[in-house]
Amino acid sequence: MNKKRKFDEESDAAPADIEVKRVLSRFKSDTGEVLPGGLLDLPVNVTVDKLQAICNALLRHEEVLPLAFYVNNVEVTDVLEECLSKDFNVSEDVVEIVYQLQAVFKVRAVTRCTASLEGHKEAVISVAFSPDGKHLASGSGDTTVRLWDIYTQTPHYVCKGHRHWVLCISWSPCGTKLASACKNGSIYLWNPNTGEQIGKALTGHKMWVTSLCWEPYHRNPECQYLASSSKDCDIRIWDTKRAQTCRILSGHTKSVTCVKYGGSGLIYSASQDRTIKVWRAEDGVLCRTLEGHAHWVNTLALNVDYVLRTGPFQLELSANTTDSPIECARKRYEAIGEEKLVSGSDDFTLFLWKPEKEKKPIARMTGHQQLINDVKFSPDGRIIASASFDKSIKLWSNTGTYIASLRGHVQAVYSVAWSADSRLLVSGSADSTLKVWCMKTKKLNQDLPGHADEVYAVDWSPDGLRVGSGGKDKVLRLWQN
(Lines give C-alpha, C1' and ligand atoms only; values in the text may rest on other atoms or scores of the structure.)
Protein backbone atom coordinates (compact mmCIF):
# COMPACT_ATOMS: atom_id res chain seq x y z
CA MET A 1 0.00 0.00 0.00
CA ASN A 2 1.30 3.44 -0.93
CA LYS A 3 1.19 5.51 2.25
CA LYS A 4 2.14 8.76 0.52
CA ARG A 5 -0.85 11.10 0.44
CA LYS A 6 -1.23 14.08 -1.87
CA PHE A 7 -2.78 17.40 -0.86
CA ASP A 8 -3.32 20.11 -3.48
CA GLU A 9 -3.93 23.78 -2.94
CA GLU A 10 -7.44 25.01 -3.62
CA SER A 11 -8.53 27.23 -6.48
CA ASP A 12 -6.08 29.96 -5.52
CA ALA A 13 -3.16 27.72 -6.44
CA ALA A 14 -0.69 28.66 -9.13
CA PRO A 15 -1.94 28.48 -12.73
CA ALA A 16 -1.59 25.09 -14.41
CA ASP A 17 1.22 26.22 -16.66
CA ILE A 18 3.43 27.07 -13.65
CA GLU A 19 4.92 24.03 -11.99
CA VAL A 20 4.84 24.28 -8.20
CA LYS A 21 7.58 22.39 -6.37
CA ARG A 22 6.40 19.73 -3.96
CA VAL A 23 8.00 18.16 -0.91
CA LEU A 24 7.48 15.03 1.12
CA SER A 25 6.44 15.99 4.63
CA ARG A 26 5.24 14.52 7.88
CA PHE A 27 3.73 16.02 11.01
CA LYS A 28 5.26 15.46 14.44
CA SER A 29 3.96 16.62 17.80
CA ASP A 30 6.15 18.87 19.91
CA THR A 31 6.85 15.85 22.12
CA GLY A 32 8.14 13.79 19.17
CA GLU A 33 5.24 11.52 18.15
CA VAL A 34 4.82 11.14 14.39
CA LEU A 35 1.25 11.77 13.31
CA PRO A 36 -0.39 8.70 11.64
CA GLY A 37 -1.02 9.14 7.95
CA GLY A 38 2.38 8.48 6.45
CA LEU A 39 4.24 10.88 4.20
CA LEU A 40 2.35 13.79 2.68
CA ASP A 41 3.08 15.25 -0.74
CA LEU A 42 2.69 19.00 -0.18
CA PRO A 43 3.34 22.02 -2.41
CA VAL A 44 6.12 24.23 -1.01
CA ASN A 45 3.75 27.19 -1.09
CA VAL A 46 1.22 25.50 1.21
CA THR A 47 -0.10 28.10 3.65
CA VAL A 48 -0.45 28.01 7.43
CA ASP A 49 -4.25 27.90 7.09
CA LYS A 50 -4.00 24.86 4.84
CA LEU A 51 -1.60 23.16 7.28
CA GLN A 52 -4.15 23.87 10.03
CA ALA A 53 -6.89 22.12 8.05
CA ILE A 54 -4.72 19.13 7.11
CA CYS A 55 -3.31 18.58 10.58
CA ASN A 56 -6.68 18.94 12.33
CA ALA A 57 -8.15 16.43 9.86
CA LEU A 58 -5.38 13.91 10.54
CA LEU A 59 -5.85 14.42 14.28
CA ARG A 60 -9.59 13.84 13.78
CA HIS A 61 -10.54 16.86 15.83
CA GLU A 62 -14.26 17.53 15.91
CA GLU A 63 -13.55 21.26 15.88
CA VAL A 64 -10.58 23.06 14.37
CA LEU A 65 -8.04 23.79 17.11
CA PRO A 66 -5.41 26.54 16.77
CA LEU A 67 -2.02 25.00 15.96
CA ALA A 68 1.41 26.50 15.40
CA PHE A 69 3.86 24.84 12.99
CA TYR A 70 7.65 24.76 13.16
CA VAL A 71 10.34 23.60 10.75
CA ASN A 72 13.88 23.47 12.19
CA ASN A 73 12.54 25.43 15.20
CA VAL A 74 11.42 28.27 12.95
CA GLU A 75 7.70 29.03 13.00
CA VAL A 76 5.84 28.83 9.71
CA THR A 77 4.07 32.19 9.58
CA ASP A 78 3.10 32.35 5.88
CA VAL A 79 4.08 29.50 3.57
CA LEU A 80 6.17 26.36 4.15
CA GLU A 81 8.85 27.34 1.63
CA GLU A 82 10.04 30.24 3.81
CA CYS A 83 11.30 27.81 6.45
CA LEU A 84 13.19 25.43 4.16
CA SER A 85 16.96 25.77 4.36
CA LYS A 86 18.94 26.72 1.25
CA ASP A 87 20.55 23.28 1.01
CA PHE A 88 17.21 21.46 1.27
CA ASN A 89 16.77 18.89 -1.53
CA VAL A 90 13.14 19.02 -2.64
CA SER A 91 13.32 15.69 -4.48
CA GLU A 92 15.00 13.67 -1.72
CA ASP A 93 14.60 15.20 1.75
CA VAL A 94 11.58 14.86 4.03
CA VAL A 95 10.31 17.96 5.86
CA GLU A 96 9.49 17.37 9.52
CA ILE A 97 6.68 19.77 10.46
CA VAL A 98 6.33 20.04 14.24
CA TYR A 99 2.84 21.03 15.34
CA GLN A 100 1.94 22.50 18.72
CA LEU A 101 -1.45 23.30 20.19
CA GLN A 102 -1.61 27.02 20.86
CA ALA A 103 -3.28 28.53 23.88
CA VAL A 104 -7.00 28.44 23.20
CA PHE A 105 -7.45 31.83 24.81
CA LYS A 106 -5.62 34.84 23.43
CA VAL A 107 -4.05 37.54 25.56
CA ARG A 108 -4.59 41.07 24.33
CA ALA A 109 -1.72 43.52 24.51
CA VAL A 110 -1.88 46.00 27.37
CA THR A 111 -2.21 49.50 25.95
CA ARG A 112 -2.67 51.96 28.82
CA CYS A 113 -1.92 52.62 32.46
CA THR A 114 -5.11 52.11 34.46
CA ALA A 115 -3.71 52.85 37.92
CA SER A 116 -0.75 54.45 39.66
CA LEU A 117 -0.52 52.79 43.06
CA GLU A 118 1.32 55.02 45.50
CA GLY A 119 2.38 54.22 49.02
CA HIS A 120 5.92 52.89 48.91
CA LYS A 121 8.43 55.40 50.23
CA GLU A 122 11.43 53.96 48.36
CA ALA A 123 12.02 52.21 45.05
CA VAL A 124 9.83 49.24 44.13
CA ILE A 125 12.29 46.39 43.59
CA SER A 126 9.99 43.42 42.95
CA VAL A 127 6.47 42.92 41.58
CA ALA A 128 4.58 39.61 41.40
CA PHE A 129 1.05 38.43 40.67
CA SER A 130 -0.28 35.40 42.54
CA PRO A 131 -0.66 32.09 40.63
CA ASP A 132 -4.38 32.68 40.09
CA GLY A 133 -3.84 36.30 39.03
CA LYS A 134 -6.11 37.66 41.79
CA HIS A 135 -3.48 39.21 44.07
CA LEU A 136 -0.59 41.57 43.39
CA ALA A 137 2.39 42.00 45.71
CA SER A 138 5.34 44.37 45.70
CA GLY A 139 8.57 44.60 47.68
CA SER A 140 10.41 47.86 48.27
CA GLY A 141 13.49 49.52 49.64
CA ASP A 142 11.22 51.01 52.33
CA THR A 143 11.35 47.60 54.16
CA THR A 144 7.67 46.79 53.47
CA VAL A 145 5.76 44.33 51.34
CA ARG A 146 2.46 45.61 50.01
CA LEU A 147 -0.56 43.70 48.76
CA TRP A 148 -2.87 45.48 46.34
CA ASP A 149 -6.52 45.07 45.36
CA ILE A 150 -6.31 44.72 41.58
CA TYR A 151 -10.07 45.20 41.11
CA THR A 152 -10.45 48.50 42.97
CA GLN A 153 -6.78 49.30 42.24
CA THR A 154 -6.19 50.44 45.81
CA PRO A 155 -3.82 49.40 48.65
CA HIS A 156 -4.95 46.28 50.48
CA TYR A 157 -2.36 45.47 53.16
CA VAL A 158 1.03 46.77 54.26
CA CYS A 159 3.17 43.91 55.59
CA LYS A 160 5.73 45.13 58.11
CA GLY A 161 8.51 43.11 59.73
CA HIS A 162 11.62 43.53 57.62
CA ARG A 163 14.25 45.97 58.84
CA HIS A 164 16.08 46.42 55.55
CA TRP A 165 15.34 46.59 51.82
CA VAL A 166 13.00 43.86 50.59
CA LEU A 167 14.98 42.41 47.70
CA CYS A 168 12.78 39.58 46.45
CA ILE A 169 9.29 38.10 46.81
CA SER A 170 7.82 34.76 45.71
CA TRP A 171 4.30 33.29 45.74
CA SER A 172 3.73 29.66 46.69
CA PRO A 173 2.16 27.71 43.77
CA CYS A 174 -0.95 27.10 45.91
CA GLY A 175 -1.39 30.89 46.19
CA THR A 176 -1.91 30.90 49.98
CA LYS A 177 1.55 32.15 51.01
CA LEU A 178 3.84 34.96 49.93
CA ALA A 179 7.52 34.84 50.88
CA SER A 180 9.70 37.95 51.07
CA ALA A 181 13.41 38.33 51.81
CA CYS A 182 15.55 41.30 52.71
CA LYS A 183 19.07 42.65 52.83
CA ASN A 184 19.41 41.53 56.47
CA GLY A 185 19.05 37.90 55.38
CA SER A 186 15.60 37.41 56.97
CA ILE A 187 12.67 35.73 55.23
CA TYR A 188 9.03 36.36 56.16
CA LEU A 189 5.82 34.59 55.09
CA TRP A 190 2.54 36.47 54.64
CA ASN A 191 -1.11 35.54 54.32
CA PRO A 192 -2.45 37.40 51.24
CA ASN A 193 -6.02 37.32 52.52
CA THR A 194 -5.24 39.07 55.81
CA GLY A 195 -1.84 40.68 55.28
CA GLU A 196 -0.66 39.04 58.51
CA GLN A 197 2.66 37.32 59.07
CA ILE A 198 2.59 33.50 59.02
CA GLY A 199 4.69 32.01 61.82
CA LYS A 200 8.01 33.47 62.81
CA ALA A 201 10.74 34.87 60.59
CA LEU A 202 13.10 32.42 58.86
CA THR A 203 16.58 33.41 59.99
CA GLY A 204 19.96 31.86 59.33
CA HIS A 205 21.47 33.54 56.28
CA LYS A 206 24.44 35.69 57.24
CA MET A 207 24.09 38.12 54.33
CA TRP A 208 21.30 39.28 52.09
CA VAL A 209 18.97 36.91 50.27
CA THR A 210 19.15 37.11 46.48
CA SER A 211 16.44 34.71 45.33
CA LEU A 212 13.47 32.62 46.56
CA CYS A 213 11.76 29.60 45.00
CA TRP A 214 9.03 27.24 46.26
CA GLU A 215 8.76 23.47 46.00
CA PRO A 216 6.45 22.61 43.04
CA TYR A 217 2.78 21.95 43.79
CA HIS A 218 2.72 18.50 42.14
CA ARG A 219 5.46 17.32 44.51
CA ASN A 220 3.75 18.66 47.62
CA PRO A 221 0.37 20.46 47.38
CA GLU A 222 0.96 21.97 50.83
CA CYS A 223 3.96 23.86 49.35
CA GLN A 224 5.87 23.22 52.56
CA TYR A 225 9.42 23.82 51.39
CA LEU A 226 11.09 27.00 50.23
CA ALA A 227 14.60 27.43 48.82
CA SER A 228 16.62 30.63 49.23
CA SER A 229 19.99 31.76 47.91
CA SER A 230 22.25 34.33 49.52
CA LYS A 231 25.32 36.46 49.19
CA ASP A 232 26.73 34.29 52.04
CA CYS A 233 27.42 31.58 49.36
CA ASP A 234 24.78 29.16 50.70
CA ILE A 235 21.41 27.85 49.57
CA ARG A 236 18.98 26.99 52.35
CA ILE A 237 15.92 24.77 52.17
CA TRP A 238 13.30 25.81 54.71
CA ASP A 239 10.44 23.89 56.27
CA THR A 240 7.92 26.73 56.33
CA LYS A 241 5.59 24.84 58.69
CA ARG A 242 8.25 24.50 61.38
CA ALA A 243 9.96 27.78 60.47
CA GLN A 244 13.39 26.18 60.42
CA THR A 245 16.19 25.22 58.06
CA CYS A 246 15.99 21.63 56.73
CA ARG A 247 19.37 21.64 55.08
CA ILE A 248 22.11 23.96 53.91
CA LEU A 249 23.59 23.44 50.46
CA SER A 250 27.21 24.60 50.60
CA GLY A 251 29.71 24.45 47.80
CA HIS A 252 29.65 27.77 45.98
CA THR A 253 32.66 29.97 46.73
CA LYS A 254 31.02 33.32 45.96
CA SER A 255 27.59 34.92 46.19
CA VAL A 256 24.70 32.74 44.96
CA THR A 257 22.66 34.93 42.63
CA CYS A 258 19.67 32.75 41.72
CA VAL A 259 17.94 29.53 42.79
CA LYS A 260 15.34 27.42 40.93
CA TYR A 261 13.32 24.50 42.28
CA GLY A 262 12.80 22.01 39.43
CA GLY A 263 9.84 19.73 38.96
CA SER A 264 11.78 16.47 39.29
CA GLY A 265 13.20 17.16 42.75
CA LEU A 266 16.34 19.01 41.71
CA ILE A 267 17.45 22.46 42.82
CA TYR A 268 19.57 24.65 40.51
CA SER A 269 21.77 27.48 41.79
CA ALA A 270 23.79 30.10 39.94
CA SER A 271 26.72 31.97 41.43
CA GLN A 272 29.29 34.69 40.99
CA ASP A 273 31.85 31.85 41.13
CA ARG A 274 30.88 31.30 37.43
CA THR A 275 29.24 27.91 38.04
CA ILE A 276 25.75 26.46 38.20
CA LYS A 277 25.23 23.63 40.66
CA VAL A 278 22.57 20.91 40.54
CA TRP A 279 21.42 19.58 43.92
CA ARG A 280 19.06 16.82 45.00
CA ALA A 281 16.44 18.51 47.18
CA GLU A 282 15.54 15.50 49.33
CA ASP A 283 19.02 14.99 50.78
CA GLY A 284 21.07 17.97 49.61
CA VAL A 285 23.53 15.89 47.58
CA LEU A 286 25.43 17.80 44.86
CA CYS A 287 24.65 15.97 41.60
CA ARG A 288 26.82 17.94 39.19
CA THR A 289 28.44 21.30 38.51
CA LEU A 290 27.79 23.05 35.19
CA GLU A 291 30.76 25.06 33.98
CA GLY A 292 31.37 27.25 30.95
CA HIS A 293 30.66 30.86 31.85
CA ALA A 294 33.66 33.20 32.08
CA HIS A 295 32.09 35.63 34.57
CA TRP A 296 29.29 35.90 37.14
CA VAL A 297 26.12 33.93 36.38
CA ASN A 298 23.30 36.40 37.03
CA THR A 299 20.09 34.65 36.12
CA LEU A 300 18.49 31.26 35.46
CA ALA A 301 15.25 30.14 33.81
CA LEU A 302 13.59 26.74 33.37
CA ASN A 303 11.32 25.79 30.48
CA VAL A 304 8.85 24.61 33.17
CA ASP A 305 8.89 27.87 35.19
CA TYR A 306 5.40 28.96 34.11
CA VAL A 307 3.63 25.65 34.82
CA LEU A 308 5.43 25.38 38.17
CA ARG A 309 4.54 28.96 39.03
CA THR A 310 0.83 28.50 38.33
CA GLY A 311 0.61 24.94 39.71
CA PRO A 312 -3.02 23.79 39.67
CA PHE A 313 -4.35 27.07 38.24
CA GLN A 314 -4.73 26.27 34.55
CA LEU A 315 -6.63 29.43 33.81
CA GLU A 316 -7.17 28.73 30.12
CA LEU A 317 -9.09 25.51 30.80
CA SER A 318 -12.81 25.33 31.34
CA ALA A 319 -13.91 24.75 34.91
CA ASN A 320 -15.37 21.31 34.18
CA THR A 321 -12.01 19.48 34.11
CA THR A 322 -12.22 16.27 36.13
CA ASP A 323 -8.57 16.29 37.23
CA SER A 324 -7.75 16.99 40.84
CA PRO A 325 -5.52 20.05 41.41
CA ILE A 326 -2.43 17.89 41.95
CA GLU A 327 -3.18 15.80 38.82
CA CYS A 328 -3.65 19.00 36.83
CA ALA A 329 -0.32 20.37 38.05
CA ARG A 330 1.48 17.10 37.31
CA LYS A 331 0.04 16.76 33.80
CA ARG A 332 0.93 20.34 32.95
CA TYR A 333 4.50 19.78 34.14
CA GLU A 334 4.90 16.50 32.24
CA ALA A 335 3.46 18.01 29.04
CA ILE A 336 6.45 20.37 28.72
CA GLY A 337 8.87 17.42 28.52
CA GLU A 338 12.45 17.24 29.69
CA GLU A 339 13.61 20.12 31.87
CA LYS A 340 15.89 22.60 30.17
CA LEU A 341 17.81 25.34 31.95
CA VAL A 342 19.16 28.57 30.49
CA SER A 343 21.74 30.75 32.24
CA GLY A 344 22.70 34.38 31.59
CA SER A 345 25.98 35.96 32.60
CA ASP A 346 28.15 39.03 32.93
CA ASP A 347 30.26 37.47 30.15
CA PHE A 348 27.50 38.58 27.65
CA THR A 349 26.56 34.95 26.86
CA LEU A 350 23.81 32.48 27.64
CA PHE A 351 24.17 28.72 27.97
CA LEU A 352 21.43 26.14 27.45
CA TRP A 353 21.57 22.94 29.52
CA LYS A 354 19.81 19.63 30.09
CA PRO A 355 20.72 19.69 33.77
CA GLU A 356 18.96 16.52 34.91
CA LYS A 357 21.50 14.31 33.13
CA GLU A 358 24.25 16.23 31.33
CA LYS A 359 27.15 18.45 32.38
CA LYS A 360 27.86 19.78 28.89
CA PRO A 361 25.73 22.60 27.52
CA ILE A 362 23.42 22.05 24.54
CA ALA A 363 24.28 25.48 23.15
CA ARG A 364 26.27 28.64 23.79
CA MET A 365 24.27 31.69 22.75
CA THR A 366 26.26 34.79 21.81
CA GLY A 367 25.36 38.20 20.43
CA HIS A 368 24.69 40.46 23.41
CA GLN A 369 27.19 43.30 23.80
CA GLN A 370 26.81 43.75 27.57
CA LEU A 371 25.81 41.74 30.63
CA ILE A 372 22.58 39.74 30.65
CA ASN A 373 20.29 40.76 33.48
CA ASP A 374 17.18 38.62 32.98
CA VAL A 375 16.14 35.56 30.99
CA LYS A 376 12.72 33.89 30.68
CA PHE A 377 11.30 30.88 28.84
CA SER A 378 7.92 31.42 27.21
CA PRO A 379 5.09 29.56 29.01
CA ASP A 380 4.96 26.94 26.23
CA GLY A 381 8.72 26.39 26.58
CA ARG A 382 9.49 27.15 22.94
CA ILE A 383 11.18 30.58 23.06
CA ILE A 384 13.80 32.15 25.34
CA ALA A 385 13.91 35.92 25.84
CA SER A 386 17.07 37.51 27.25
CA ALA A 387 17.32 41.10 28.51
CA SER A 388 20.62 42.93 28.53
CA PHE A 389 22.30 46.15 29.52
CA ASP A 390 23.04 46.55 25.78
CA LYS A 391 19.45 47.96 25.47
CA SER A 392 18.17 44.95 23.54
CA ILE A 393 16.12 41.83 24.08
CA LYS A 394 17.11 38.76 22.09
CA LEU A 395 14.91 35.79 21.23
CA TRP A 396 16.23 32.24 20.97
CA SER A 397 14.66 28.86 20.20
CA ASN A 398 14.59 26.16 22.86
CA THR A 399 17.55 24.54 21.10
CA GLY A 400 19.65 27.71 21.43
CA THR A 401 19.23 29.01 17.88
CA TYR A 402 19.10 32.80 17.50
CA ILE A 403 15.71 34.08 16.31
CA ALA A 404 15.64 37.88 16.50
CA SER A 405 16.67 41.03 18.36
CA LEU A 406 14.04 43.39 19.75
CA ARG A 407 15.31 46.96 19.70
CA GLY A 408 13.60 50.12 20.88
CA HIS A 409 14.74 50.76 24.44
CA VAL A 410 17.36 53.50 24.74
CA GLN A 411 18.84 52.32 28.04
CA ALA A 412 19.48 49.01 29.83
CA VAL A 413 16.66 46.44 29.85
CA TYR A 414 16.19 45.15 33.40
CA SER A 415 13.28 42.74 33.26
CA VAL A 416 11.00 40.82 30.88
CA ALA A 417 7.72 38.91 31.37
CA TRP A 418 5.68 36.73 29.00
CA SER A 419 1.94 36.72 28.41
CA ALA A 420 0.32 33.40 29.35
CA ASP A 421 -0.31 32.48 25.69
CA SER A 422 3.37 33.02 24.71
CA ARG A 423 2.36 35.48 21.97
CA LEU A 424 3.49 38.70 23.69
CA LEU A 425 6.44 39.87 25.78
CA VAL A 426 6.70 42.94 28.02
CA SER A 427 10.00 44.57 28.99
CA GLY A 428 10.98 47.18 31.58
CA SER A 429 13.97 49.45 31.18
CA ALA A 430 16.17 52.10 32.73
CA ASP A 431 14.70 54.45 30.10
CA SER A 432 11.50 54.60 32.28
CA THR A 433 9.30 52.83 29.71
CA LEU A 434 7.68 49.46 29.27
CA LYS A 435 7.40 47.98 25.81
CA VAL A 436 5.16 45.18 24.55
CA TRP A 437 6.54 43.00 21.74
CA CYS A 438 4.63 40.76 19.34
CA MET A 439 6.13 37.31 18.74
CA LYS A 440 4.44 36.89 15.38
CA THR A 441 6.04 39.99 13.85
CA LYS A 442 9.05 40.18 16.24
CA LYS A 443 8.35 43.91 16.43
CA LEU A 444 7.14 46.51 18.91
CA ASN A 445 3.41 46.27 19.62
CA GLN A 446 2.96 48.97 22.28
CA ASP A 447 5.17 51.65 23.80
CA LEU A 448 4.14 52.33 27.41
CA PRO A 449 5.61 55.50 28.93
CA GLY A 450 4.38 56.64 32.33
CA HIS A 451 7.00 55.88 34.95
CA ALA A 452 9.07 58.88 36.05
CA ASP A 453 12.29 56.88 36.45
CA GLU A 454 13.92 53.49 35.86
CA VAL A 455 11.61 50.44 35.73
CA TYR A 456 13.13 47.64 37.82
CA ALA A 457 10.43 44.96 37.75
CA VAL A 458 7.58 43.82 35.50
CA ASP A 459 5.13 40.93 35.71
CA TRP A 460 2.27 39.76 33.50
CA SER A 461 -0.65 38.24 35.42
CA PRO A 462 -1.21 34.53 34.70
CA ASP A 463 -4.78 35.26 33.56
CA GLY A 464 -3.35 37.60 30.92
CA LEU A 465 -5.49 40.59 31.91
CA ARG A 466 -2.93 43.01 33.31
CA VAL A 467 0.72 43.91 33.69
CA GLY A 468 2.26 45.28 36.89
CA SER A 469 5.45 47.35 36.98
CA GLY A 470 7.53 49.12 39.60
CA GLY A 471 10.76 51.02 39.83
CA LYS A 472 12.80 53.91 41.08
CA ASP A 473 9.87 56.38 41.13
CA LYS A 474 8.35 54.41 44.10
CA VAL A 475 5.09 53.94 42.18
CA LEU A 476 3.48 50.68 41.18
CA ARG A 477 1.62 50.88 37.90
CA LEU A 478 -1.10 48.63 36.49
CA TRP A 479 -1.53 48.31 32.73
CA GLN A 480 -4.52 46.86 30.89
CA ASN A 481 -6.02 46.74 27.42
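The legends below accompany a set of views of one protein chain, taken from a predicted model.

**View 1. The whole chain, with three helices and 37 strands.** The radius of gyration of the protein chain is 23 Å, close to the 23 Å that the globule rule gives for 481 residues, so the chain is as compact as a globular protein of that length. Taken along the principal axes, the C-alpha atoms of the chain fill a box of roughly 80 × 50 × 50 Å. Of the 481 residues, 56% count as buried. Among the contacts with a separation of 6 or more, 52% are accounted for by residues that lie 24 or more positions apart in the chain.

**View 2. Helix H1, residues 48-59.** This helix has 12 residues and reaches 16 Å from its first C-alpha to its last, which is close to the 16 Å expected at 1.5 Å a residue. An α-helix has 3.6 residues a turn, so residues three or four places apart point the same way. With that in mind, the reader may look for the buried residues of H1, which are Val48, Lys50, Leu51, Gln52, Ile54, Cys55, Asn56 and Leu58. Just after the helix comes Arg60, which takes a positive phi of about 60 degrees.

**View 3. Strand S2, residues 22-29, and its two partners.** In a regular strand the side chains alternate between the two faces of the sheet. Along S2, Val23, Ser25, Phe27 and Ser29 point to one face and are buried, while Arg22, Leu24, Arg26 and Lys28 point to the other face and are not buried. Strand S3 (residues 40-43) runs antiparallel to S2 and is joined to S2 by four bridges, with Asp41 of S3 as the bridge partner of Leu24. Strand S6 (residues 94-101), in turn, runs parallel to S2 and is joined to S2 by six bridges; here Ser29 stands opposite Tyr99 of S6.

**View 4. An open sheet of four strands, in the order S27-S28-S29-S30.** The pairing in this sheet is antiparallel. Strand S27 (372-377) and strand S30 (402-407) stand at the edges, each with a single partner strand, so one side of each is left without a neighbour in the sheet. From one strand to the next, the twist averages 20 degrees. Strand S29 (residues 392-397) is joined to S30 by five bridges, the two running antiparallel, and within this pair Trp396 stands opposite Tyr402 in S30.

**View 5. A second open sheet, in the order S31-S32-S33-S34.** This sheet is also made of four strands with antiparallel pairing. Its edge strands are S31 (413-418) and S34 (443-448), each of which pairs on one side only. Neighbouring strands of the sheet are turned by 25 degrees against each other on average, when direction is ignored. Strand S32 (residues 424-429) and strand S33 (residues 434-438) pair in the antiparallel sense over five bridges, and Ser427 stands opposite Lys435 in S33.

**View 6. Two cysteines in a structure that holds zero disulfides.** For Cys182, the closest cysteine sulfur is that of Cys168, and because the two sulfurs are 9.1 Å apart, they are too far for a bond. Cys182 counts as buried, at 1% relative accessibility. For Cys213, the closest cysteine sulfur belongs to Cys258, at 8.0 Å, which is again too far for a bond. Cys213 counts as buried as well, at 14% relative accessibility.

**View 7. Two loop residues with a positive phi, Thr143 and Phe348.** Most residues other than glycine have a negative phi, and most peptide bonds are trans. Thr143, although it is not a glycine, has a positive phi of about 75 degrees. Thr143 sits in the loop between strand S9 (136-140) and strand S10 (145-149), and is partly exposed, with a relative accessible area of 22%. Phe348 has a phi near 75 degrees, a positive value in a residue other than glycine, and is found in the loop between strand S24 (341-345) and strand S25 (350-353). At 35% relative accessibility, Phe348 counts as partly exposed.

**View 8. Ser461, in the loop between strand S35 (455-460) and strand S36 (466-471).** This residue is buried, with a relative accessible area of 1%. Leaving aside its neighbours within four places in sequence, Ser461 is in contact with Phe129 and Arg466.

Note on methods:
Residues numbered from 1 in each chain as written. Predicted model: local features only at pLDDT ≥ 70, side-chain atom pairs only at ≥ 80, totals over all residues. Heavy atoms only, no water. Pairing = 2+ DSSP bridges. Axes fitted to C-alpha atoms, helices over the stretch in contact; angles between N-to-C directions. Disulfide = S-S within 2.5 Å. Buried < 20%, exposed > 50% of the residue type's maximum accessible area, 1.4 Å probe, protein only. Expected span 1.5 Å × (residues − 1). Rg over C-alpha atoms; globule rule 2.2 N^0.38 Å. Contact = heavy atoms within 4.5 Å.
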